[in-house]
Amino acid sequence: MKTAELNLLATLALATALFFIGQLIVQRSTFLQRYSIPVPVVGGVLFALLLAVASVVADVQLTMDDSPRDPLLLAFFATLGLGADVRSLMRGGWKLVILIGLFVAVMILQGVIGLAMASALDLHPLVGLLGGSISLIGGHGTAAAYATSFAETRNLQGALELGMAAATAGLILGSLLAGPVAERVMRRVASRGGSTAEPEAPAAPQQTAVLAPITAEQLLFVLLVCLACIAGARFLQDLMRDTGLLLPSFLWALLIGMVVRNAGSLLGLKSVNDNAVQAVGSVSLSLFLIMALMSMRVLDLATLAGPLLLIVVVNALATAAFAYFVTSRLMGNDYDAAVISGGQVAAGLATTAVGMSVMQTLTERHGPAPMAFLLVPIVGAFFADIANALVLQAFFALPMLGF
């Protein structure tokens, strides 16, 4: 077999080029746009498929320098922490606490279903967890982080590819199921005499974050903070390694970023530009995903993808049923609750961004839902990552997983 090797600069250049190729494909595909398939996923998967064809037809293998992958992932989670302003969390009240509990319940449900189906299908239990909240609520970034750990500590072959496949399937299913669930809740509320719209409700609250134009100074400041978060995350993970606490390094990066953001606000220090934070986070996640996917072993994935996707489908249906029967009722069984239910399905299977897109479509048709736009982004984009890590820690303590 012929082997070609790319150095660090060539790998980064290729990853960047694949982003723009993926963007071009998404812009020309109504299907990919409708189901919110990320541009990095399209570019990375396309290249992985081409590599698989090359290995079969021309007996060629390509190796790449993937050393930036872990720092890019930690930088992305650091930006999530930098975007979490504690002051905005206080407006949610008791409904915020309830919705956090409902998201935790979905995490547990997805984990139990994943482990049960993995046992029934004679798969490794960790594959069942990859088909649960790791990839669904966590998304591509979290799936990649845990999959890398599984491959290193438990020698789980193809873990990264499985996590990416599960997260991508979750994106599609979340986009397909969220709207119908919300619509059915609205019809149920209307049939019982409830209001299906809130035309007099105030507009969604404006974000209080700093939204000044991005400058080189702002970008460098965010980059400096992200590098500090990365260093702190690795230090804390090494410090806690012998305690039995298996919190991943990306969670430490998120927590440090949150402390930096809110401590700076309380002390009156330099404000963090949210546009700069989003820019650094988007670039970090995009490059990470492309680098993770472009080296994906598609042929190795084929043997396990079928059973894994079955787990994902069952989890998706269970999540939709939970939102319809439980979340909508506990959140008030009204119009806002219907929109929140749709947002939970999308955020619980795809991403918070998909949830926001679904909720925006619903409110354009039926009227504003300010409470939904306040609660779902806070829980889905911030609390879900922390709660998911703690729930997974409990699963890892089970004897069947051997941690």
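Let me start with a word I'll lean on: buried means under 20% relative accessible area, exposed means over 50%, and partly exposed is in between, using a 1.4 Å probe and protein chains only. One more before we go: helices (H or I, at least four residues) and strands (E, at least two) are DSSP runs, numbered from the N terminus.

Okay, some ground rules. What you see is a predicted model, in which local features need pLDDT of at least 70, side-chain atom pairs count only at pLDDT 80 or more, and totals for chains, interfaces and linings use all residues. Residues are numbered from 1 along each chain as its sequence is written, and side-chain values use heavy atoms, with hydrogens and water left out.

So, how confident was the predictor? The pLDDT is its confidence in each residue, from 0 to 100. For this protein the mean pLDDT is 83, and 85% of the residues reach 70 or more. Residues 198-211 are a place to be careful, as the pLDDT there is below 50. In the model, that stretch still has 23 contacts beyond near neighbours in sequence. By contact I mean heavy atoms within 4.5 Å.

Now the overall picture. The protein has 16 helices and two strands. Of its 403 residues, 52% are buried. And if you take the contacts with a separation of 6 or more, 83% of them join residues 24 or more positions apart.

Let's go inside. A nonpolar core here is a set of buried Ala, Val, Leu, Ile, Met, Phe, Trp, Tyr and Cys residues joined through side-chain atoms within 4.5 Å. The largest one has 122 residues, and Leu99, Phe150 and Met294 touch the most other members. Which helix gives the most to this core? That's H16, residues 370-396, with 15 residues. Take Leu99 as an example: beyond its neighbours within four places in sequence, Leu99 is in contact with Met331, Ile340, Leu375, Val376 and Val379.

Next, helix H9, residues 159-191. The expected span of a helix is 1.5 Å times one less than its number of residues. For the 33 residues of H9 that gives 48 Å, and the end C-alpha atoms are 46 Å apart, which agrees. Even so, H9 bends by about 25 degrees at Gly174; the bend at a residue is the angle between axes fitted to the seven residues ending there and the seven starting there. H9 is largely enclosed by the rest of the structure, because 25 of its 33 residues are buried. Leu176 is in H9 too, but Leu176 is partly exposed, with a relative accessible area of 37%. Its C-alpha atom is 8.6 Å from that of Ala346, and those two are 170 residues apart along the chain.

On to H10, residues 216-240. With 25 residues, H10 should span 36 Å, and its end C-alpha atoms are indeed 36 Å apart. Its buried residues are Gln218, Val222, Val225, Cys226, Cys229, Ile230, Gly232 and Ala233.

Two cysteines in that list, then. How many disulfides does the structure hold? Zero, counting a disulfide as a pair of cysteine sulfur atoms within 2.5 Å. Cys226 is in no disulfide, and the nearest cysteine sulfur, that of Cys229, is 6.1 Å away. Cys226 counts as buried because its relative accessibility is 1%, and Cys229 is buried at 1% as well.

Two more buried residues. Asn315 sits in helix H13, residues 298-330. At 1% relative accessibility, Asn315 counts as buried. Its contacts outside the four neighbouring places in sequence include Leu109, Gln110, Ile113 and Leu349. Then there's Arg69, in helix H4, residues 69-82. Buried or exposed? Arg69 is buried, with a relative accessible area of 11%. Among its contacts, again leaving aside neighbours within four places in sequence, are Thr148, Leu160 and Phe288.

Last stop, the loops. Most residues other than glycine have a negative phi. Asp122 has a positive phi of about 60 degrees, although it is not a glycine. Asp122 lies in the loop between H6 (93-120) and H7 (125-130), and at 70% relative accessibility it counts as exposed. Asn333 also has a positive phi, near 55 degrees. You'll find Asn333 in the loop between H13 and H14 (335-349), where it is partly exposed at 24% relative accessible area.

Methods:
pLDDT is the predictor's confidence in each residue, from 0 to 100.
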